[in-house]
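This briefing goes through one protein model by topic, from the overall form to single residues. Please keep the sequence and the structure in view while reading.

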Amino acid sequence: MDEVDNAQIIVIADDVCRNAGIATTWINSNRFGIHAYKHVDKDSQDTKSQFAPCDAKVHFLRPEIILFSPILRKLVNESNGIFLSVQKLKSSSGDIRPELLKHSKQYRSILRACVENLQEILPKEPLSEEKTMLKHFLTIFYHVECAWHLTEILYVDTVPGDVVLPQLLEWISFHFPSRELAASKILSQKRIGADLENENYWDAVMGCAFHGELNLVCRLLALHSKADDSAFITADNIIRTMPVYNVYGGYSVNEFITRWKHWQMDLCSNLESNCFSFIDDNKEKDSNKTINNKKIIDRNLETLMKVR
């Protein structure tokens, strides 16, 4: 039903077509012609056409292909050169992956340049219809570059042991930087009590944690109003000691798994013993805190430590 409601309506400005009717003839796979036509069969009366004389017109229609847009010609031309170079690699002997990676990065650079160009042109476009088209282009090519980058990580730029986590974290940081930007804004203030002055403080902390930006998480916790309390000091120490696998880190996968399990056991022990609670001098009720054994458990801090 949605497809019918959103179907594009094309107006053919032809009085003869409107009065007589139309017929369509395919010209090729994506182009057809429309012309005036009135059905006549053996039972029709043999009379003079009521539309003669008239200017007979054939209207040619084809789907709009965005790559034919003048704005995108540079993208098409440069991309064509990249793909022609990739095709030539088929006849090459030996490991062609380094060359494929080089061409892939060049193609992503072309896409990024196109996106940046569209971002620059968009605010200057006065016509609403053209502005909508530019926004459409911008969305398409941003997503193309994003998906291509991920494909490059998974299938082209492989590392020993097929460990992709560091590259995936880099991909996330590159394409979804809002949390890191929010964290940088908070850190730039360099004031203790950031949680009281910034309503998005914990959103930034959680976002950085999910993105694997542990250094940013620790720096944000250091600006919390209770940063000197044992609960936050313990949390900071645990986060800093969290093992992060690196293929060049000097220890095997099995050793990393052992370290990871020990770290998780230590974290679970701290959670069970309510190590992330503190005595709060503020008697005002806070929906983000609960009293437990005469201490306050900060739910945000506890939730952060459960993200493991």
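In this predicted model, Trp260 has a relative accessibility of 24% and therefore counts as partly exposed, since the buried class ends under 20%. Its ring partner Trp263, at 8% relative accessibility, counts as buried. The rings of Trp260 and Trp263 have their centres 5.2 Å apart and their planes at 25 degrees, so the pair is stacked. The points below place this pair in the wider structure.

**Overall form**

- The protein has 13 helices and six strands, and its radius of gyration is 31 Å, well over the 19 Å that the globule rule gives for 308 residues, so the protein is more spread out than a compact globule.
- Along the principal axes, the C-alpha trace of the protein spans about 100 × 65 × 40 Å.
- Of the 308 residues in the protein, 31% are buried.
- Among the contacts with a separation of 6 or more, 55% come from residues 24 or more positions apart.

**Aromatic pairs and a charge over a ring**

- The structure holds eight aromatic pairs, and one of them joins Trp26 and Phe32, whose ring centres are 5.1 Å apart and whose planes stand at 70 degrees, so this pair is edge-to-face.
- Within that pair, Trp26 counts as exposed because its relative accessibility is 59%, while Phe32 is partly exposed, with a relative accessible area of 22%.
- The two tryptophans of the stacked pair, Trp260 and Trp263, both lie in helix H12, where they are three residues apart, about one turn of the helix.
- As a general point, an α-helix has 3.6 residues a turn, so residues three or four places apart point the same way.
- Elsewhere, ring pairs link Phe83, Tyr107 and Trp148 into a cluster.
- A charge is also placed over an aromatic ring, for the charged end of Arg31 sits over the ring of Phe60, 4.6 Å from the ring centre.

**The three-stranded sheet**

- Three strands form an open sheet in the order E1-E2-E3, and their pairing is antiparallel.
- The edges of this sheet are strand E1 (22-28) and strand E3 (58-61), each of which pairs on one side only.
- On average, and with direction ignored, neighbouring strands of the sheet are turned by 25 degrees against each other.
- Strand E1 runs antiparallel to strand E2 (residues 31-36), and six bridges join the two.
- As for a single position in this pairing, the bridge partner of Thr24 in E2 is Ile34.

**Helix H10 and its surroundings**

- Helix H10 (residues 214-221) is mostly covered, with six of its eight residues buried.
- The buried residues of H10 are Leu214, Leu216, Val217, Cys218, Leu220 and Leu221.
- What covers these buried residues includes four other helices, namely H7 (178-189), H9 (201-210), H11 (230-240) and H13 (299-306).

**Asn270 in helix H12**

- Asn270 lies in helix H12, and with a relative accessibility of 12% this residue counts as buried.
- Leaving aside residues up to four places away in sequence, Asn270 touches Thr234, Ile238, Cys275 and Phe276.

**Positive phi outside glycine**

- Most residues other than glycine have a negative phi, and against that background two loop positions are worth checking in the model.
- Lys190 is not a glycine, yet its phi is positive, at about 55 degrees; the residue is placed in the loop between H7 and helix H8 (194-197).
- Lys190 counts as exposed because its relative accessibility is 70%.
- Asn274 likewise is not a glycine and has a positive phi of about 55 degrees, and its place is in the loop between helix H12 (253-272) and strand E4 (277-278).
- The relative accessibility of Asn274 is 25%, so this residue counts as partly exposed.

Terms used: Residues are numbered from 1 along each chain as its sequence is written. This is a predicted model: local features need pLDDT of at least 70, side-chain atom pairs count only at pLDDT 80 or more; totals for chains, interfaces and linings use all residues. Side-chain values use heavy atoms; hydrogens and water are left out. Buried means under 20% relative accessible area, exposed over 50%, partly exposed in between (1.4 Å probe, protein chains only). Contact means heavy atoms within 4.5 Å. Rings of Phe, Tyr and Trp (its six-membered ring) pair if their centres lie within 6.5 Å; planes under 30 degrees apart count as stacked, over 60 as edge-to-face and the rest as tilted. A charge sits over a ring if NZ of Lys or CZ of Arg is within 6 Å of the ring centre and within 35 degrees of the ring normal. Two strands pair if DSSP finds at least two bridges between them. Axes are lines fitted to C-alpha atoms, for helices over the stretch in contact, and angles run from 0 to 180 degrees between N-to-C directions. The radius of gyration is taken over C-alpha atoms; the globule rule is 2.2 Å times the number of residues to the power 0.38.
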